[in-house]
Amino acid sequence: MPFDISPAFAAARFEPLLELASLSPHHLVASLVVLGSIVFVNDLVRTSLMVTFTRSRANHVAVMVLTLFPAMLLGGVLLLGASRYPERAPLNLVFAALMYGVWYLGGTLTKLARPDTEAADVGFIMVGSLITIPCGLLALVF
Amino acid sequence: MRPLPLKIFRWLCLLTALANAGGNAALYLVYEPVFAWLSVPQPADPFAFAATTGFSFTIGVLAFAIYLRPQESISALVGCALAKGLYAFVTLYMFVFADLHWFWLIFGVWDAVYTVIFLLFLAQLVKPDLTALNTTGIRMGSAKPRTNKALLLGFSLTKNVDKGLARVSQGLEAGGYEVTTEMAVPIESELFAWPLTVARFVRISVRAVLRRPAKIHRLSAKADDGYDLIVVASQTWLAGMSAVVEGIFEDPDNRGLFEGTDVASLTICRGLWRRTQAMTVDWVERSGGHMVAVRHALHVGREPFRFFSLMLYLVFGKVTRPRLFHRFWPKKYGLSDADLDELEVFGHALAVRDRLPPIEQSITGGNEHAL
């Protein structure tokens, strides 16, 4: 074969991304920057999508997903982090909590764009915690 | 927090246009001595370096196009936000895993900041008419002759919209209007009945996410009833218009009601009102209506207790206040008295709205002149 397409090759390509997604102690700052950036811009994207393509089912599903995406992402990160670095599960919970602050900031920042925005929806952010916290608790018993 | 004016965003676009286009052109010309001076390793692949600077130069050109005509550059704005976000991520990735020199992080940080700036600008530019409707008072009505007859349309599962529309009606009547209120009746009346069961709540929620429409019985209101104003009230079901209210617009027989008529949109909900309002306005405009006002009224209470209070109300059919959060829990369901008073004021303001001057035939025959 002129090039390697083995599972080992594929796994090697994704390994750095998995490291970032699992709050690895070797690349913690980078992990937090990437995670925080995604959580931060989530509501900026959602704000635009909320008032566009009003008849599109796909867009509506996208808006619903983005409403809780940070919570699902953080839950996944906690579980992945616990599977790779179980001793760091309690500390990762603290980082996830900090990300909730970033999520709130991202929503609030939409007020810089236009006055007619809901800003951060604390109700749904709290619903998100009902997704993240169970994942975090599961991560603790991994 | 006050919104940044359009000109600030435009100037920021110009700044990055100069930095990207001018900066990369200059960098490509002098990178060898500059990198040597800063102890930055020379590019291992000159072609890849040229391609990267060329790509970045192009983003600068796009940013300049956005600066020139922002409202016509939505697609370019999306592309630039995506490009800058990806570049910022790749820069960080290479710094962490491929020993990229710290010098390149400067560009990565710049692009990360501009990803946010472009996304904010995009949020400002999409549907500016909604911002205008939300920040101005009642718009001038159409030139259609006034009959002082108003039609209030909606659907009320928990009687919340009922109360809101009743107050709007009082305001309109105080302003001299004759008001007819008609609530849409869904054909699937067992599904959309109050109180809900958990199963029906889940079913309605899933349908709301997937935007499955709900057919309604034919409205008794007709186009030739002579309404000069229609107020459409909708609640929010999973971020969008309720299916029953949307059913009013999905029935083509109702289009005549809205054609050329002044329409006001009222969204009554817990907290997510923007998409419902945008959907209502879109439907009204597609039906030929003339939007004169939008309003939204939110349930009483503070988050997150307001959200959970709503969920418990929908499940149990009554106000349920857990003893643990007694101090913070909303004392009632629905709109506050102050909001209901405000809706009455809104109704009165609609009744006395200005009107565009009618077009009148000139006496010389054939030519039309506005007064």
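**Exercise 1. Find where P304(B) sits, and work out what is unusual about the bond before it.**

Step 1. Go to the loop of chain B that runs between strand 6 (290-298) and helix 11: P304(B) is there. Helices (H or I, at least four residues) and strands (E, at least two) are DSSP runs, numbered from the N terminus.

Step 2. Check the peptide bond that joins E303(B) to P304(B): it is cis, with omega at about -5°.

Step 3. Now try P195(B), in the loop between strand 2 (178-183) and helix 7 of chain B. W194(B) and P195(B) are also joined by a cis peptide bond, omega about 0°.

Step 4. Flip to chain A and look at L23(A), in the loop between helix 1 and helix 2. Its phi is near 50°, a positive value in a residue other than glycine. These spots are worth a look because most residues other than glycine have a negative phi, and most peptide bonds are trans.

A word on the ground rules: this is a predicted model, where local features need pLDDT of at least 70 and side-chain atom pairs count only at pLDDT 80 or more, while totals for chains, interfaces and linings use all residues. Residues are numbered from 1 along each chain as its sequence is written, chains are lettered from A and ligands numbered from 1 in the order in which they are written, and side-chain values use heavy atoms, with hydrogens and water left out.

**Exercise 2. Describe the fold of chain A in outline.**

Step 1. Count the elements: five helices and zero strands. Reading from the N terminus, that gives α-α-α-α-α.

Step 2. Box it in. Along the principal axes, the C-alpha atoms of chain A fill roughly 50 × 45 × 25 Å.

Step 3. Pick out a link between helices. R84(A) and E19(A) form a salt bridge, 3.0 Å from N to O (the rule: a side-chain nitrogen of Lys or Arg within 4 Å of a carboxyl oxygen of Asp or Glu). R84(A) is in helix 3 and E19(A) in helix 1, so to speak distant parts of the chain, 65 residues apart. Over all chains, the rule gives 19 salt bridges.

**Exercise 3. Take stock of the interface of chain B and chain A.**

Step 1. Count residues in contact (heavy atoms within 4.5 Å): 45 from chain B and 48 from chain A.

Step 2. Get the area. About 4,200 Å² is buried, and carbon and sulfur atoms give 70% of that. Buried area here is the accessible area (1.4 Å probe) that two parts lose on being put together, summed over both.

Step 3. Which three residues supply more of chain B's buried area than any other three? They are M1(B), R274(B) and R275(B), with 20%.

Step 4. Look for charge pairs. Two salt bridges cross the interface. In one pairing, D282(B) meets R55(A), with the closest N and O atoms 3.2 Å apart.

Step 5. Sort the chain B side by class: 29 nonpolar, six polar and 10 charged residues. The classes go like this: Ala, Val, Leu, Ile, Met, Phe, Trp, Tyr, Cys and Pro are nonpolar, Asp, Glu, Lys and Arg are charged, and the others, Gly among them, are polar.

**Exercise 4. Track down the empty space.**

Step 1. Fix the terms. On a 1 Å grid over the protein atoms alone, a cavity is a set of points where a 1.4 Å probe fits but cannot get out; a pocket is an open set with protein on both sides within 12 Å along at least five of seven lines; lining residues have an atom within 4 Å of a point. Grid points are joined across faces, edges and corners, and a volume is the space filled by probe spheres set on the points.

Step 2. Start with the largest pocket, at about 1,100 Å³. It has 41 lining residues, and S37(A), I38(A), V41(A), G85(B) and T115(B) are the closest to its centre. Helix 2 of chain A gives the most, 12 residues. The lining is 33 nonpolar, seven polar and one charged.

Step 3. Move to the second largest pocket, about 760 Å³. Its 27 lining residues include F49(B), T52(B), Y87(B), L100(B) and W104(B), which lie nearest its centre. Helix 2 of chain B gives the most here, six residues.

Step 4. Finish with the cavities: five reach 30 Å³ or more. The largest cavity holds about 60 Å³, and T52(B), Y87(B) and D111(B) are among the residues that line it.
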